[in-house]
Amino acid sequence: MNKTDNIFPSKENIPETFKLTDTIMQSEYLINGEIRNWKGDFQEVYSPIFVEDNGKYNNYIGSYPLMGKEEAMKALDAAAEAYNHGKAEWPSMTVEKRIACVKKFVVLMKEQRELVVKLLMWEIGKSLKDSEKEFDRTVDYINDTIEALKNLDRESSRFTISQGIIAQIRRAPLGVVLCMGPFNYPLNETFTTLIPALIMGNTVIFKPPKLGVLLHYPLLKAFKEAFPKGVVNTVYGHGENILGPLMESGKINVLAFIGTSRVADILKKQHPKPHRLKCILGLDAKNPGIVMYDADIDETVRECITGALSFNGQRCTALKIIFVDEKIAASFVEKLSIAVEKLKIGMPWDSEVNITPLPESNKTQYLTELINDAIKFGAKVVNPSGGIVNKSCFSPAILYNVNSEMRVYREEQFGPIIPIVSYKDISEPLDYIINSNYGQQSSIFGKDADQIANLLDTMVNQVCRVNINSQCQRGPDNFPFTGRKDSAEGTLSISDALKVFSIRTLVAAKESEINKDIIRQIIKEDKSNFLSTDFIL
Ligand code: G3H
């Protein structure tokens with residue numbers, strides 16, 4: 001029997017708590033503070049989880065609105081009006097009041113935890129543990145963002161005097177932000193841009209990713225209740241129908257997008273005045289791990305498995321190719337293979353599950369193609385169940401003896417394949433990194449401090465985070481998260497995000513008596529929201 005046989009449940013075998021009692025026919029969307037009902041076409045939603053019912057398998061779980069240009073423009077008008085050149089209520093509101101709105105949102109959001117977690121499991125196949133982590137990490141991120149903004153506000157509440165000029169320097173919003181997250185972290189990564197964008201006074205049009213849409217509907221009411229009308233607007237549908245018109249309008253001031261560099265390039269080019277568009281982008285990556293001759297093999301195997309296979313390898317930060325010194329390659333691969341075979345394949349709610357069904361419709365076919373292509377050029381799948389497919393489930397495969405002729409050497413597989421390249425000389429993985437189109441992170445495994453120092457000094461100018469004996473990852477969320485080349489534009493972290501969604505703006509005056517008097521009056525009588533020494537405790 002194969003590891004992927006009989007993994008899909010029958011209706012009766014799904015634990016009560018995780019059952020989807022009804023299909024979810026989402027017709028609501030939020031524009032201009034109103035939850036409206038969609039009357040047009042709908043997109044059917046299929047889960048990666050197939051459920052057996054009377055001998056037939058079904059994975060249809062619901063639908064969402066397929067909006068078009070007209071509704072996209074309505075969302076844009078609402079967001080533009082709620083910004084109104086920075087004169088509207090939201091952008092000119094005090095930081096304290098904006099924080100109060102975000103706090104209200106968090107309270108309402110937390111009430112939806114159970115449903116959002118369940119939908120994360122059904123829509124993208126994320127394990128219960130990881131779905132709960134995604135939700136809780138997002139709530140922590142929002143709370144930490146509030147604290148970071150209070151700090152920023154305290155720092156900006158004082159005046160600077162230089163060369164006879166008095167100034168108060170603060171950060172001001174940028175305008176209308178188009179926010180789009182990826183399917184692998186549909187909640188977390190969307191909110192790591194949406195929340196800082198909002199809290200800094202921008203207004204938002206939010207389009208959920210292609211997969212992982214329904215899980216946002218329980219939050220529509222929270223957005224409506226927590227924020228003034230038009231501050232958050234949602235659009236759903238095919239990118240080409242919605243995003244093209246939005247970008248071509250020239251009224252999008254910031255593009256916050258986490259997805260492929262191919263789509264990011266298309267969107268940027270559609271804006272008529274690219275110099276007016278600020279982009280915060282999290283894009284492609286193919287993070288390499290380098291395992292040196294003296295690495296602790298057991299520890300490295302553990303770290304490489306988490307790095308390459310957490311959420312089935314569907315993380316932008318996943319280790320997507322591993323270079324191993326030929327002196328230890330055979331024993332490393334053997335231990336890796338034993339460990340991979342022990343991984344549990346199952347449904348997201350199964351306890352201790354490691355590998356779950358994949359949400360992208362042709363994904364198992366694509367991964368099989370990558371494996372066949374690699375085999376054609378001399379690679380071998382070394383673990384017995386590697387590459388076995390059952391519907392949307394793909395048993396993780398270790399591909400050994402990968403070389404530059406193979407597609408998997410360059411392509412971002414974003415799935416459970418671990419390509420292993422054995423190297424003679426350390427210059428080989430270094431050349432790979434230098435010649436790669438990507439520049440997000442890398443991992444070095446070894447013990448020799450001199451060698452590690454040499455390697456990392458080269459790598460830090462190629463990627464944006466070098467991990468020593470540790471997998472690549474985004475967190476902790478207060479660390480900077482960015483990349484070079486095709487991997488990113490702009491830096492995100494709790495405090496950096498506040499900066500990228502705002503611009504430094506100052507009020508300055510020559511230090512004359514009359515100017516001092518004007519400033520004193522404005523401050524004393526609380527006449528301005530910007531020019532003020534108030535700070536939040
Ligand atoms: O998909 C990319 C995510 O930012 C990865 O985050 O390293 O915390 O899983 P993570």
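In which sense do strands E14 and E19 pair, and over how many bridges? Some notes on that and the rest of the model follow.

1. Ground rules. This is a predicted model, where local features need pLDDT of at least 70, side-chain atom pairs count only at pLDDT 80 or more, and totals for chains, interfaces and linings use all residues. Residues are numbered from 1 along each chain as its sequence is written, and side-chain values use heavy atoms, with hydrogens and water left out.

2. The pair in question. E14 (residues 319-325) and E19 (residues 417-423) run parallel, over four bridges. Strands here are DSSP E runs of at least two residues, helices are H or I runs of at least four, and both are numbered from the N terminus. Two strands pair if DSSP finds at least two bridges between them. Isoleucine 322 has isoleucine 420 in E19 as its bridge partner.

3. The sheet around that pair. It is an open one with seven strands, ordered E15-E18-E19-E14-E13-E21-E22, and the pairing is mixed. E15 (380-381) and E22 (465-468) are the edge strands; each has a single partner, so one side of each has no neighbour in the sheet.

4. Helices across the sheet. H14 (residues 427-435) lies across E13 (287-291), E14, E19 and E21 (441-445), at about 170 degrees to E13. H15 (residues 449-459) lies across E13, E21 and E22, at about 170 degrees to E21. Axes are lines fitted to C-alpha atoms, for helices over the stretch in contact, with angles from 0 to 180 degrees between N-to-C directions; contact means heavy atoms within 4.5 Å.

5. The other sheet. Three strands, E6-E7-E25 in order, make an open antiparallel sheet. Its edges are E6 (160-162) and E25 (502-510), each with a single partner strand, so one side of each is left without a neighbour. On average, neighbouring strands in this sheet are turned by 35 degrees against each other, direction ignored. E6 and E7 (residues 165-173) pair over three bridges, and threonine 160 stands opposite alanine 167 in E7.

6. The ligand. Residues around the ligand (a heavy atom within 4 Å) include Arg137, Asn184, Arg315 and Phe481. Ligand oxygen atoms sit 2.4 Å from a side-chain N or O atom of tyrosine 185 and 2.5 Å from one of glutamate 189. For cysteine 316, a backbone N or O atom is 2.7 Å from a ligand oxygen. Alone, the ligand exposes 310 Å², and the protein buries 95% of that (Shrake-Rupley method, 1.4 Å probe).

Conventions. Polar contact = N/O pair within 3.5 Å; in protein donor to acceptor, adjacent residues only side chain to side chain.
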